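Here is a friendly walk through one protein model and its ligand. Have the sequence and the 3D view open as you read.

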Amino acid sequence: MRTSAIVVGGGIVGVCNALALRQAGHQVTLIDRKQPGRETSYGNAGVLSESSIMVLNNPNMLRALPKLLLGKSLGLRYSPAFVLKNLGWFLKFLSYCTPSRTRAAAFALRALQLASLAQHKKWIAEAGAGHLLRRAGWVKAFRTQASFAKYGAEMALMDEVGVSYSVYDKEQIRQMEPGLKPVYSKAVVMDDTCGVSSPSALTDAYVALFKAAGGTVLRGDVSALSAAQDGWQVCFGEDVLHAENVVIAAGPWSAEVAAWLGYRIPMAWERGYHLHLQPGDGPQLGRAICDMDGGYAMVPTLHGVRITSGVEIAERDASPNHDQIIKSVASARDVHDMKDVIDDEPWMGRRPTLVDSLPMIDAAPRHGGLWFNFGHQHLGLSMAPGSALSIVAMIEGKEPPFDVNPFSATRFPI
Ligand SMILES: Cc1cc2nc3c(=O)[nH]c(=O)nc-3n(C[C@H](O)[C@H](O)[C@H](O)COP(=O)(O)OP(=O)(O)OC[C@H]3O[C@@H](n4cnc5c(N)ncnc54)[C@H](O)[C@@H]3O)c2cc1C
(Lines give C-alpha, C1' and ligand atoms only; values in the text may rest on other atoms or scores of the structure.)
Protein backbone atom coordinates (compact mmCIF):
# COMPACT_ATOMS: atom_id res chain seq x y z
CA MET A 1 0.00 0.00 0.00
CA ARG A 2 1.65 3.23 -1.15
CA THR A 3 0.16 6.53 -0.02
CA SER A 4 0.86 10.23 -0.19
CA ALA A 5 2.04 12.01 2.95
CA ILE A 6 2.89 15.51 4.09
CA VAL A 7 5.25 15.87 7.03
CA VAL A 8 4.82 19.16 8.88
CA GLY A 9 8.13 20.16 10.45
CA GLY A 10 11.64 19.56 9.17
CA GLY A 11 13.59 19.10 12.38
CA ILE A 12 15.45 15.81 12.76
CA VAL A 13 12.18 14.07 13.70
CA GLY A 14 10.32 15.27 10.60
CA VAL A 15 13.29 14.69 8.30
CA CYS A 16 13.71 11.11 9.51
CA ASN A 17 9.97 10.54 9.19
CA ALA A 18 9.95 11.86 5.63
CA LEU A 19 13.00 9.79 4.70
CA ALA A 20 11.60 6.57 6.17
CA LEU A 21 8.27 7.08 4.39
CA ARG A 22 9.96 7.83 1.08
CA GLN A 23 12.25 4.81 1.34
CA ALA A 24 9.14 2.70 1.96
CA GLY A 25 7.80 3.93 -1.38
CA HIS A 26 5.33 6.63 -0.31
CA GLN A 27 5.00 9.96 -2.06
CA VAL A 28 6.26 12.46 0.50
CA THR A 29 6.42 16.23 0.91
CA LEU A 30 8.30 17.73 3.85
CA ILE A 31 7.39 21.29 4.82
CA ASP A 32 9.27 23.62 7.14
CA ARG A 33 9.15 27.36 7.52
CA LYS A 34 12.95 27.36 7.66
CA GLN A 35 15.73 25.36 6.13
CA PRO A 36 15.27 21.88 7.67
CA GLY A 37 17.14 21.27 10.91
CA ARG A 38 17.61 24.90 11.91
CA GLU A 39 15.57 24.97 15.12
CA THR A 40 16.00 22.65 18.12
CA SER A 41 17.74 20.08 15.96
CA TYR A 42 20.45 22.56 15.03
CA GLY A 43 22.16 23.17 18.31
CA ASN A 44 22.13 19.99 20.32
CA ALA A 45 25.07 18.04 21.70
CA GLY A 46 25.05 15.54 18.84
CA VAL A 47 24.78 12.48 21.08
CA LEU A 48 23.21 9.43 19.43
CA SER A 49 22.25 7.69 22.60
CA GLU A 50 21.09 4.21 23.41
CA SER A 51 21.86 4.75 27.09
CA SER A 52 19.73 7.77 28.08
CA ILE A 53 17.01 5.83 29.79
CA MET A 54 16.44 7.89 32.96
CA VAL A 55 13.76 10.52 32.46
CA LEU A 56 14.19 13.91 34.13
CA ASN A 57 11.12 13.39 36.32
CA ASN A 58 12.55 10.50 38.32
CA PRO A 59 12.65 9.96 42.12
CA ASN A 60 15.95 11.87 42.40
CA MET A 61 14.18 14.98 41.14
CA LEU A 62 11.85 14.96 44.14
CA ARG A 63 14.84 14.68 46.47
CA ALA A 64 16.58 17.57 44.70
CA LEU A 65 13.43 19.71 44.55
CA PRO A 66 14.31 22.12 47.40
CA LYS A 67 17.66 22.96 45.75
CA LEU A 68 15.99 23.24 42.33
CA LEU A 69 13.23 25.51 43.63
CA LEU A 70 15.80 27.81 45.22
CA GLY A 71 17.44 28.17 41.79
CA LYS A 72 20.73 26.75 43.14
CA SER A 73 21.30 24.28 40.32
CA LEU A 74 23.23 25.37 37.23
CA GLY A 75 21.76 22.40 35.36
CA LEU A 76 18.13 23.34 35.87
CA ARG A 77 16.57 26.79 35.94
CA TYR A 78 12.91 27.72 35.74
CA SER A 79 10.65 30.70 35.33
CA PRO A 80 8.43 30.92 38.46
CA ALA A 81 5.77 32.75 36.41
CA PHE A 82 5.69 29.93 33.84
CA VAL A 83 5.51 27.27 36.54
CA LEU A 84 2.69 29.06 38.36
CA LYS A 85 0.75 29.55 35.13
CA ASN A 86 1.16 25.84 34.32
CA LEU A 87 0.97 24.45 37.86
CA GLY A 88 -1.29 21.55 36.82
CA TRP A 89 1.30 20.44 34.23
CA PHE A 90 4.10 20.56 36.81
CA LEU A 91 2.22 18.67 39.48
CA LYS A 92 1.44 16.00 36.92
CA PHE A 93 5.09 16.00 35.75
CA LEU A 94 6.21 15.46 39.37
CA SER A 95 3.61 12.72 39.83
CA TYR A 96 5.70 10.59 37.43
CA CYS A 97 8.71 10.69 39.81
CA THR A 98 8.04 7.18 41.12
CA PRO A 99 10.32 4.14 40.81
CA SER A 100 7.75 2.13 38.83
CA ARG A 101 7.05 4.88 36.28
CA THR A 102 10.75 5.64 35.90
CA ARG A 103 11.48 1.96 35.31
CA ALA A 104 8.69 1.61 32.74
CA ALA A 105 9.93 4.72 30.92
CA ALA A 106 13.48 3.30 30.91
CA PHE A 107 12.44 0.13 29.10
CA ALA A 108 10.36 2.11 26.61
CA LEU A 109 13.17 4.57 25.85
CA ARG A 110 15.79 1.85 25.57
CA ALA A 111 13.78 0.00 22.87
CA LEU A 112 13.22 3.22 20.92
CA GLN A 113 16.87 4.28 21.23
CA LEU A 114 18.27 0.91 20.18
CA ALA A 115 16.10 0.82 17.05
CA SER A 116 17.04 4.41 16.33
CA LEU A 117 20.79 3.99 16.64
CA ALA A 118 20.75 0.97 14.34
CA GLN A 119 18.83 2.98 11.72
CA HIS A 120 21.05 6.03 12.16
CA LYS A 121 24.06 3.87 11.32
CA LYS A 122 22.37 2.60 8.15
CA TRP A 123 21.33 6.07 7.01
CA ILE A 124 24.70 7.61 7.86
CA ALA A 125 26.35 5.00 5.62
CA GLU A 126 23.78 5.52 2.82
CA ALA A 127 24.14 9.30 3.05
CA GLY A 128 27.94 9.11 2.86
CA ALA A 129 28.10 10.92 6.18
CA GLY A 130 30.43 8.50 7.97
CA HIS A 131 32.91 11.33 8.60
CA LEU A 132 30.37 12.87 11.02
CA LEU A 133 29.96 9.73 13.11
CA ARG A 134 31.86 9.35 16.36
CA ARG A 135 31.74 5.92 17.92
CA ALA A 136 32.85 7.10 21.36
CA GLY A 137 29.85 9.19 22.15
CA TRP A 138 29.07 10.08 25.72
CA VAL A 139 30.76 10.35 29.09
CA LYS A 140 29.18 11.47 32.35
CA ALA A 141 31.86 12.95 34.61
CA PHE A 142 31.56 13.54 38.37
CA ARG A 143 33.62 15.99 40.40
CA THR A 144 32.97 14.37 43.76
CA GLN A 145 32.38 10.89 45.14
CA ALA A 146 29.13 12.26 46.60
CA SER A 147 27.73 13.23 43.18
CA PHE A 148 28.87 9.89 41.75
CA ALA A 149 27.10 8.08 44.60
CA LYS A 150 23.85 9.81 43.65
CA TYR A 151 24.20 8.33 40.17
CA GLY A 152 23.95 4.79 41.54
CA ALA A 153 20.21 4.55 40.91
CA GLU A 154 20.67 5.35 37.22
CA MET A 155 23.44 2.75 36.87
CA ALA A 156 21.20 0.15 38.49
CA LEU A 157 18.50 0.99 35.95
CA MET A 158 21.03 0.85 33.10
CA ASP A 159 22.02 -2.62 34.31
CA GLU A 160 18.40 -3.66 34.30
CA VAL A 161 17.67 -2.52 30.74
CA GLY A 162 21.01 -3.79 29.40
CA VAL A 163 23.05 -0.61 28.79
CA SER A 164 26.77 -1.32 28.61
CA TYR A 165 28.97 1.20 30.44
CA SER A 166 32.37 1.42 32.15
CA VAL A 167 33.30 3.30 35.31
CA TYR A 168 36.63 5.15 35.07
CA ASP A 169 38.70 6.53 37.92
CA LYS A 170 40.81 9.69 37.83
CA GLU A 171 43.81 8.13 36.08
CA GLN A 172 41.67 6.37 33.46
CA ILE A 173 39.88 9.66 32.79
CA ARG A 174 43.25 11.35 32.26
CA GLN A 175 44.33 8.70 29.80
CA MET A 176 41.01 8.77 27.90
CA GLU A 177 40.78 12.58 27.74
CA PRO A 178 44.18 14.18 28.37
CA GLY A 179 42.60 17.56 27.53
CA LEU A 180 40.54 17.50 30.74
CA LYS A 181 42.03 19.00 33.88
CA PRO A 182 42.10 16.54 36.79
CA VAL A 183 38.87 17.74 38.39
CA TYR A 184 36.79 14.62 37.92
CA SER A 185 37.03 11.79 40.38
CA LYS A 186 34.83 9.36 38.45
CA ALA A 187 33.35 9.03 34.97
CA VAL A 188 30.78 6.72 33.48
CA VAL A 189 31.59 5.97 29.85
CA MET A 190 28.67 4.76 27.76
CA ASP A 191 30.31 1.99 25.76
CA ASP A 192 27.92 1.87 22.79
CA THR A 193 26.62 5.44 22.61
CA CYS A 194 27.70 7.31 19.48
CA GLY A 195 27.72 10.92 18.45
CA VAL A 196 28.00 13.26 15.49
CA SER A 197 30.34 16.19 15.04
CA SER A 198 27.55 18.37 13.57
CA PRO A 199 23.83 17.68 14.06
CA SER A 200 22.93 20.18 11.34
CA ALA A 201 25.29 18.53 8.84
CA LEU A 202 23.66 15.20 9.67
CA THR A 203 20.20 16.62 9.02
CA ASP A 204 21.44 18.12 5.74
CA ALA A 205 22.82 14.70 4.73
CA TYR A 206 19.47 13.03 5.48
CA VAL A 207 17.60 15.74 3.55
CA ALA A 208 19.90 15.13 0.57
CA LEU A 209 19.20 11.39 0.82
CA PHE A 210 15.46 12.09 0.96
CA LYS A 211 15.58 14.34 -2.11
CA ALA A 212 17.76 11.89 -4.03
CA ALA A 213 15.14 9.22 -3.31
CA GLY A 214 12.46 11.46 -4.90
CA GLY A 215 11.13 13.31 -1.84
CA THR A 216 10.00 16.94 -2.03
CA VAL A 217 11.03 19.67 0.41
CA LEU A 218 9.02 22.90 0.55
CA ARG A 219 9.74 26.03 2.54
CA GLY A 220 6.76 27.78 4.12
CA ASP A 221 4.63 28.29 7.19
CA VAL A 222 1.86 25.72 7.56
CA SER A 223 -1.14 27.70 8.77
CA ALA A 224 -4.05 25.23 8.73
CA LEU A 225 -4.87 21.53 8.44
CA SER A 226 -8.30 20.24 7.51
CA ALA A 227 -9.78 16.86 6.73
CA ALA A 228 -10.94 16.65 3.10
CA GLN A 229 -12.38 13.96 0.88
CA ASP A 230 -9.78 11.15 0.67
CA GLY A 231 -7.30 12.80 2.99
CA TRP A 232 -6.05 16.17 4.13
CA GLN A 233 -5.69 19.74 3.02
CA VAL A 234 -2.61 21.56 4.23
CA CYS A 235 -2.48 25.33 3.85
CA PHE A 236 0.92 26.88 3.64
CA GLY A 237 1.60 30.35 2.33
CA GLU A 238 -0.82 30.96 -0.54
CA ASP A 239 -0.90 27.26 -1.43
CA VAL A 240 -3.07 24.33 -0.48
CA LEU A 241 -1.63 20.83 -0.72
CA HIS A 242 -3.46 17.51 -0.52
CA ALA A 243 -2.31 14.16 0.82
CA GLU A 244 -3.78 11.01 2.31
CA ASN A 245 -1.66 11.32 5.43
CA VAL A 246 -0.30 14.18 7.48
CA VAL A 247 2.40 13.71 10.11
CA ILE A 248 2.74 16.46 12.71
CA ALA A 249 6.45 16.56 13.55
CA ALA A 250 6.76 20.22 14.43
CA GLY A 251 8.81 19.70 17.61
CA PRO A 252 8.06 22.42 20.16
CA TRP A 253 5.32 23.83 17.93
CA SER A 254 3.48 20.50 17.65
CA ALA A 255 1.05 21.17 20.50
CA GLU A 256 0.04 24.40 18.77
CA VAL A 257 -0.47 22.67 15.41
CA ALA A 258 -2.43 19.79 16.99
CA ALA A 259 -4.59 22.34 18.83
CA TRP A 260 -5.93 23.57 15.45
CA LEU A 261 -7.77 20.23 15.33
CA GLY A 262 -8.92 20.34 18.93
CA TYR A 263 -6.16 18.31 20.63
CA ARG A 264 -4.82 19.42 23.99
CA ILE A 265 -1.28 18.08 24.12
CA PRO A 266 0.39 18.33 27.58
CA MET A 267 3.66 19.85 26.33
CA ALA A 268 6.14 22.18 28.00
CA TRP A 269 9.56 23.37 26.87
CA GLU A 270 12.93 22.64 28.38
CA ARG A 271 14.93 25.38 26.76
CA GLY A 272 18.67 24.98 26.29
CA TYR A 273 21.54 27.07 24.98
CA HIS A 274 24.90 26.63 23.36
CA LEU A 275 28.03 28.64 22.66
CA HIS A 276 31.03 27.64 20.55
CA LEU A 277 34.57 28.32 21.67
CA GLN A 278 37.77 28.11 19.71
CA PRO A 279 39.74 25.03 20.71
CA GLY A 280 42.76 25.64 22.89
CA ASP A 281 46.32 24.59 22.01
CA GLY A 282 46.33 21.49 24.24
CA PRO A 283 44.86 18.05 23.55
CA GLN A 284 41.34 18.19 22.08
CA LEU A 285 38.31 16.37 23.46
CA GLY A 286 37.56 13.10 21.73
CA ARG A 287 33.92 12.78 22.78
CA ALA A 288 31.02 14.61 24.43
CA ILE A 289 31.62 15.07 28.15
CA CYS A 290 28.72 15.86 30.46
CA ASP A 291 29.77 17.62 33.65
CA MET A 292 27.19 16.08 35.97
CA ASP A 293 27.75 18.61 38.74
CA GLY A 294 27.29 21.57 36.39
CA GLY A 295 24.64 19.96 34.19
CA TYR A 296 26.29 21.11 30.95
CA ALA A 297 28.10 19.28 28.17
CA MET A 298 31.38 20.00 26.34
CA VAL A 299 31.32 18.66 22.81
CA PRO A 300 33.98 18.70 20.09
CA THR A 301 32.16 19.75 16.90
CA LEU A 302 32.96 20.96 13.39
CA HIS A 303 31.89 24.41 14.59
CA GLY A 304 34.24 24.62 17.60
CA VAL A 305 33.97 23.27 21.13
CA ARG A 306 30.23 23.42 21.75
CA ILE A 307 29.16 24.03 25.34
CA THR A 308 25.50 23.11 25.77
CA SER A 309 23.59 24.21 28.83
CA GLY A 310 21.20 22.21 30.98
CA VAL A 311 17.50 22.95 31.25
CA GLU A 312 15.60 26.20 31.51
CA ILE A 313 11.89 25.65 31.96
CA ALA A 314 10.18 28.72 30.58
CA GLU A 315 7.63 29.97 28.06
CA ARG A 316 8.56 28.72 24.60
CA ASP A 317 8.92 32.19 23.11
CA ALA A 318 10.05 34.21 26.15
CA SER A 319 13.23 36.25 25.67
CA PRO A 320 16.39 34.23 26.16
CA ASN A 321 18.17 34.38 29.51
CA HIS A 322 21.87 33.88 28.91
CA ASP A 323 22.92 33.59 32.55
CA GLN A 324 22.93 29.77 32.57
CA ILE A 325 25.07 29.32 29.46
CA ILE A 326 27.49 32.09 30.45
CA LYS A 327 28.03 30.39 33.83
CA SER A 328 28.33 26.98 32.15
CA VAL A 329 31.05 28.30 29.83
CA ALA A 330 32.90 29.82 32.79
CA SER A 331 32.76 26.48 34.59
CA ALA A 332 33.85 24.58 31.46
CA ARG A 333 36.91 26.82 31.16
CA ASP A 334 38.06 25.46 34.54
CA VAL A 335 37.99 21.96 33.07
CA HIS A 336 39.20 22.26 29.49
CA ASP A 337 41.46 24.79 27.84
CA MET A 338 39.58 26.84 25.22
CA LYS A 339 40.17 30.16 23.50
CA ASP A 340 37.67 32.87 22.48
CA VAL A 341 33.93 32.52 22.13
CA ILE A 342 33.09 32.21 18.41
CA ASP A 343 29.37 33.11 18.30
CA ASP A 344 28.03 36.65 18.54
CA GLU A 345 25.40 35.46 20.98
CA PRO A 346 24.24 32.14 22.47
CA TRP A 347 21.96 29.90 20.44
CA MET A 348 18.71 28.79 22.10
CA GLY A 349 16.56 25.73 21.40
CA ARG A 350 13.40 24.34 22.99
CA ARG A 351 13.25 20.68 23.93
CA PRO A 352 9.61 19.63 23.51
CA THR A 353 8.63 17.65 26.60
CA LEU A 354 5.37 15.90 27.37
CA VAL A 355 4.23 15.53 30.95
CA ASP A 356 5.55 11.95 31.29
CA SER A 357 8.80 12.72 29.37
CA LEU A 358 7.96 10.23 26.62
CA PRO A 359 7.32 11.19 23.01
CA MET A 360 3.96 10.74 21.32
CA ILE A 361 4.30 8.43 18.30
CA ASP A 362 0.86 7.38 17.20
CA ALA A 363 -2.26 7.90 15.12
CA ALA A 364 -4.28 10.93 16.16
CA PRO A 365 -7.24 9.51 18.10
CA ARG A 366 -10.05 11.43 16.36
CA HIS A 367 -8.79 11.85 12.78
CA GLY A 368 -7.96 9.17 10.23
CA GLY A 369 -4.72 9.75 8.32
CA LEU A 370 -3.33 12.15 10.93
CA TRP A 371 -0.19 11.07 12.81
CA PHE A 372 1.64 12.47 15.83
CA ASN A 373 5.44 12.29 16.08
CA PHE A 374 6.72 14.77 18.67
CA GLY A 375 7.72 15.34 22.30
CA HIS A 376 11.23 13.87 22.09
CA GLN A 377 12.57 16.03 24.97
CA HIS A 378 16.36 15.73 25.43
CA LEU A 379 16.70 12.92 22.92
CA GLY A 380 15.13 13.85 19.62
CA LEU A 381 18.31 13.35 17.64
CA SER A 382 18.79 9.94 19.23
CA MET A 383 15.20 8.78 18.89
CA ALA A 384 14.08 10.19 15.53
CA PRO A 385 14.78 7.15 13.30
CA GLY A 386 12.92 4.62 15.47
CA SER A 387 10.00 7.03 15.79
CA ALA A 388 9.95 7.36 12.00
CA LEU A 389 10.00 3.60 11.39
CA SER A 390 7.09 3.20 13.83
CA ILE A 391 4.94 5.80 12.05
CA VAL A 392 5.67 4.14 8.69
CA ALA A 393 4.61 0.76 10.11
CA MET A 394 1.40 2.24 11.53
CA ILE A 395 0.54 3.96 8.24
CA GLU A 396 1.07 0.65 6.45
CA GLY A 397 -0.98 -1.25 9.04
CA LYS A 398 2.04 -3.30 10.08
CA GLU A 399 3.53 -4.15 13.46
CA PRO A 400 5.97 -1.42 14.61
CA PRO A 401 9.56 -2.62 15.21
CA PHE A 402 9.22 -2.42 19.03
CA ASP A 403 6.51 -1.85 21.63
CA VAL A 404 5.02 1.56 20.93
CA ASN A 405 2.26 1.41 23.54
CA PRO A 406 4.20 3.66 25.97
CA PHE A 407 4.15 6.36 23.25
CA SER A 408 0.43 6.17 22.49
CA ALA A 409 -1.63 9.30 21.99
CA THR A 410 -4.42 7.98 24.20
CA ARG A 411 -2.32 7.66 27.36
CA PHE A 412 -3.57 11.17 28.22
CA PRO A 413 -7.05 12.59 27.72
CA ILE A 414 -6.15 14.83 24.81
C1 LIG B 1 21.03 22.22 24.35
C2 LIG B 1 20.41 20.96 23.78
C3 LIG B 1 21.18 19.81 23.70
C4 LIG B 1 20.62 18.62 23.19
N5 LIG B 1 21.40 17.51 22.99
C6 LIG B 1 20.87 16.41 22.43
C7 LIG B 1 21.70 15.29 22.13
O8 LIG B 1 22.89 15.32 22.31
N9 LIG B 1 21.11 14.18 21.60
C10 LIG B 1 19.78 14.13 21.35
O11 LIG B 1 19.28 13.07 20.94
N12 LIG B 1 18.97 15.21 21.55
C13 LIG B 1 19.49 16.34 22.08
N14 LIG B 1 18.70 17.42 22.30
C15 LIG B 1 17.28 17.34 22.00
C16 LIG B 1 17.01 17.44 20.52
O17 LIG B 1 17.72 18.52 19.96
C18 LIG B 1 15.50 17.62 20.28
O19 LIG B 1 14.78 16.60 20.95
C20 LIG B 1 15.18 17.55 18.79
O21 LIG B 1 15.96 18.47 18.07
C22 LIG B 1 13.72 17.80 18.52
O23 LIG B 1 13.56 17.69 17.12
P24 LIG B 1 12.20 18.04 16.42
O25 LIG B 1 12.35 17.70 15.00
O26 LIG B 1 11.08 17.41 17.19
O27 LIG B 1 12.04 19.62 16.64
P28 LIG B 1 12.73 20.84 15.85
O29 LIG B 1 14.13 20.55 15.53
O30 LIG B 1 12.45 22.07 16.64
O31 LIG B 1 11.96 20.89 14.49
C32 LIG B 1 10.63 21.33 14.40
C33 LIG B 1 10.52 22.03 13.06
O34 LIG B 1 9.14 22.34 12.81
C35 LIG B 1 9.12 23.55 12.09
N36 LIG B 1 7.78 24.11 12.23
C37 LIG B 1 7.10 24.31 13.38
N38 LIG B 1 5.88 24.80 13.12
C39 LIG B 1 5.77 24.91 11.77
C40 LIG B 1 4.76 25.36 10.89
N41 LIG B 1 3.58 25.80 11.35
N42 LIG B 1 5.00 25.35 9.57
C43 LIG B 1 6.20 24.92 9.08
N44 LIG B 1 7.20 24.48 9.87
C45 LIG B 1 6.98 24.48 11.20
C46 LIG B 1 10.22 24.38 12.72
O47 LIG B 1 10.67 25.41 11.84
C48 LIG B 1 11.28 23.33 13.00
O49 LIG B 1 12.27 23.25 12.00
C50 LIG B 1 19.24 18.62 22.80
C51 LIG B 1 18.48 19.79 22.89
C52 LIG B 1 19.07 20.96 23.35
C53 LIG B 1 18.25 22.21 23.39
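Let's start with one residue: Leu 65 has 12 C-beta neighbours inside 10 Å, and a residue with 12 or fewer counts as exposed, so Leu 65 is exposed. Keep in mind that this is a predicted model. You will find Leu 65 in helix α2, which covers residues 59–69. From there to Pro 406 is a separation of 341 residues in sequence and, C-alpha to C-alpha, 26 Å in space.

**The chain as a whole**

Stepping back, the protein chain contains twelve helices and 23 strands. Its C-alpha trace spans about 65 × 45 × 40 Å along the principal axes. The radius of gyration is 21 Å, which agrees with the value near 22 Å for a compact globule of 414 residues. Of these 414 residues, 52% are buried. Sequence-distant contacts are plentiful too: among contacts between residues at least 6 apart in sequence, 78% join residues at least 24 apart.

**A six-stranded sheet and two helices**

Next, look for an open sheet of six strands, ordered β10-β2-β1-β14-β23-β22, in which the pairing is mixed. Its edges are β10 (216–219) and β22 (360–363); each has a single partner strand, so one side of each is left without a neighbour in the sheet. On average, neighbouring strands of this sheet are turned by 20 degrees against each other, direction ignored. At the β10 edge, β2 and β10 run parallel and are joined by four bridges. Within β10, Leu 218 is the bridge partner of Ile 31.

Two helices lie across strands of this sheet, as the table shows.

| Helix | Strands it lies across | Angle |
|---|---|---|
| α1 | β1 (4–8), β2, β14 (245–248), β23 (370–374) | about 170 degrees to β2 |
| α12 | β14, β22, β23 | about 170 degrees to β23 |

**Around the ligand**

Which residues are closest to the ligand? They are Gly 9, Gly 11, Gly 251, Gly 272 and Gly 380, out of 42 residues that surround the ligand. By type, the shell divides into 16 nonpolar, 20 polar and six charged residues. At least two shell residues each come from α1 (12–23), β2 (27–32), β15 (267–279), β21 (347–354) and α12 (380–395). Two of these suppliers, α1 and α12, are the helices from the table, and β2 is a strand of the six-stranded sheet that also supplies the shell.

Methods
Residues are numbered from 1 along each chain as its sequence is written. This is a predicted model: local features need pLDDT of at least 70, side-chain atom pairs count only at pLDDT 80 or more; totals for chains, interfaces and linings use all residues. A residue is near a molecule or strand if its C-beta atom, placed from the backbone, lies within 6 Å of it. Ala, Val, Leu, Ile, Met, Phe, Trp, Tyr, Cys and Pro count as nonpolar, Asp, Glu, Lys and Arg as charged, and the others, Gly among them, as polar. The radius of gyration is taken over C-alpha atoms; the globule rule is 2.2 Å times the number of residues to the power 0.38. A residue is buried if 20 or more other C-beta atoms lie within 10 Å of its own, exposed if 12 or fewer, and partly exposed in between; C-beta atoms are placed from the backbone. Two residues are in contact if their C-beta atoms, placed from the backbone, lie within 7 Å. Two strands pair if DSSP finds at least two bridges between them. Axes are lines fitted to C-alpha atoms, for helices over the stretch in contact, and angles run from 0 to 180 degrees between N-to-C directions.
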